[in-house]
Amino acid sequence: MAESTIQEGFLCPICHKDLRSANNLISHFQDLHSEEKDLLSSIKGIYGKVKKKILTVDDQDFEHLRKEISLQEKYYLEYSEPQDPGPTVSHTDYFKSIRRDRLDHKTAETNKLIIRLDRLLRVYAPDRKQHEQELVAWLDGSAVSRCPSCASSFNITRRQHHCRLCGSIMCNSCSYFLPYDTAQTIVTPLNSGNSKEQNTSKESDTLRICYHCLDMIESRRRIQIEQVLQPIICQLYTHLQKMKSQIETSVEMYLKMYNSIISGETTYILQDLQALRTTIADKAQMIDTLSKKIASLPVDPSTPKAVLLQNNIRKATSIYIKDYLVTLPPPPTPQEIEKMKYERSKKPIDEDIPVASTSIKKVTVTTGWSPANVANDTTVTEEADPILEQMNIVRSYIKQAREAQRFEEVASLEENLNMLKETYKRSINKP
């Protein structure tokens with residue numbers, strides 16, 4: 001028994017041809033089988049019933065879905081418990097590396113265009129077209145049949161043209177004519193010394209470039225304008241962050257000096273700690289004033305979120321001052337320092353710690369600051385000890401460092417002075 005083939009689709013009941021749609025089936029039947037009117041009306045009836053059934057089912061499903069949504073909103077029904085988040089992977093570093101490479105490439109290409117534009121502006125010869133081809137290599141147009149921008153075919157009426165910056169091919173409709181005065185403003189940093197030479201060009205002179213090169217140089221120009229014309233809130237916030245960075249260095253130094261004085265060391269003195277605390281208080285006042293100025297800036301009605309931003313900056317600065325600056329320990333009083341010295345004097349002193357023999361030949365400061373040479377007013381005699389002379393020089397350096405509030409240098413110089421004192425004591429105690 002031969003296997004029968006099963007066909008599907010919009011089949012003609014007479015010729016069994018698949019017409020692929022109901023409209024094609026009805027048109028086919030009317031054209032080729034018009035004599036079968038009863039069968040045609042039955043096909044139309046079946047198609048109408050099927051269509052009505054489908055629409056009825058769709059309406060019922062939609063009504064059922066609408067009831068489920070209303071019940072869920074009314075009783076806050078949840079069909080499943082929320083799942084715990086699975087493992088996550090951060091791709092931020094990868095994104096930054098890709099973006100950095102793209103930005104570096106775009107910056108390099110834009111700089112090349114600016115350099116070419118600068119050279120093109122210096123060309124004023126009658127055969128300017130030949131000089132432009134020498135400066136920028138033009139693409140061979142024999143293999144290009146369509147405009148890369150609009151895909152239009154080149155012919156007698158639509159000729160090929162070349163971009164003066166990259167040498168690519170385009171049609172006249174896809175060309176942009178850059179005026180010379182606009183080009184000069186783009187390369188102003190490069191042509192600052194040649195303004196007289198630039199003014200010799202005609203005002204009507206233009207450079208034909210493609211829109212790709214135009215977007216790159218205009219993007220660079222917008223960035224330069226934004227850097228120069230920053231909003232006042234950006235300028236104040238940058239200054240605020242700079243002040244915070246400076247005060248954090250002072251706070252670290254203050255804590256170091258405070259711990260040194262509390263532990264009984266003689267590297268710093270109480271006056272140094274008090275002077276540095278006054279400096280920190282002045283900087284904190286400036287930071288607070290800047291945050292108040294940011295919060296009081298006028299707001300553009302078209303940017304309502306700017307008010308929230310300004311208030312958040314003010315709030316964050318207040319918390320910063322309260323938690324980071326106000327909580328600094330106050331300097332100890334002279335009575336407290338004397339009491340701590342008296343308590344330490346009662347403790348036994350370890351006499352077995354050997355003193356390292358160190359010879360100091362030169363006082364050096366490696367933090368970028370150096371004291372001025374001070375002439376010694378005292379008369380130097382032949383019997384004067386060179387160690388005593390060097391100690392006096394170090395003391396003068398310490399005085400200059402304290403006046404300049406260079407407390408890191410004070411600590412280094414005090415260490416050198418202590419080593420000089422130990423060396424002098426050993427020299428006078430020799431038999």
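In this predicted model, Ala-151 counts as partly exposed, because its relative accessibility is 44%, a value between the 20% limit for buried and the 50% limit for exposed. Ala-151 lies in the loop that runs between helix H4 (128–135) and strand E1 (161–162). Its phi is positive, about 65 degrees, although Ala-151 is not a glycine.

From this loop we turn to the interior. The largest nonpolar core has 40 residues. Those that touch the most other members are Ile-247, Met-257, Tyr-268, Leu-276, Ile-280, Leu-325 and Phe-407. At least two residues of this core come from each of H8, helix H9 (270–295), H10, helix H11 (334–345), helix H12 (386–403) and helix H13 (407–428). H8 supplies the largest share, 11 residues. Phe-407 is in contact with Met-253, Met-257, Tyr-268, Asp-272 and Leu-276, leaving aside its neighbours within four places in sequence. A second core, separate from this one, has 25 residues, among them Leu-121, Met-170, Val-187 and Cys-213.

Two of the helices that supply the largest core also pack against each other. Helix H8 spans residues 232–262 and helix H10 residues 305–325. Their axes are 13 Å apart and form an angle of about 10 degrees. Angles under 35 degrees count as roughly parallel, and H8 and H10 are therefore roughly parallel to each other. On the H8 side, the residues that meet H10 are Ile-233, Tyr-237, Leu-240, Lys-244, Ile-247, Glu-248 and Val-251. H10 brings Leu-309, Gln-310, Ile-313, Thr-317, Tyr-320, Tyr-324 and Leu-325 to this contact. By class, the contact has 10 nonpolar, 2 polar and 2 charged residues.

Terms used
Residues numbered from 1 in each chain as written. Predicted model: local features only at pLDDT ≥ 70, side-chain atom pairs only at ≥ 80, totals over all residues. Heavy atoms only, no water. Axes fitted to C-alpha atoms, helices over the stretch in contact; angles between N-to-C directions. Helix = DSSP H or I, 4+ residues; strand = E, 2+ residues; numbered from the N terminus. Parallel < 35°, antiparallel > 145°, perpendicular 65-115°, else oblique. Contact = heavy atoms within 4.5 Å. Nonpolar A, V, L, I, M, F, W, Y, C, P; charged D, E, K, R; others polar. Buried < 20%, exposed > 50% of the residue type's maximum accessible area, 1.4 Å probe, protein only. Core = buried A, V, L, I, M, F, W, Y, C linked by side-chain atoms within 4.5 Å.
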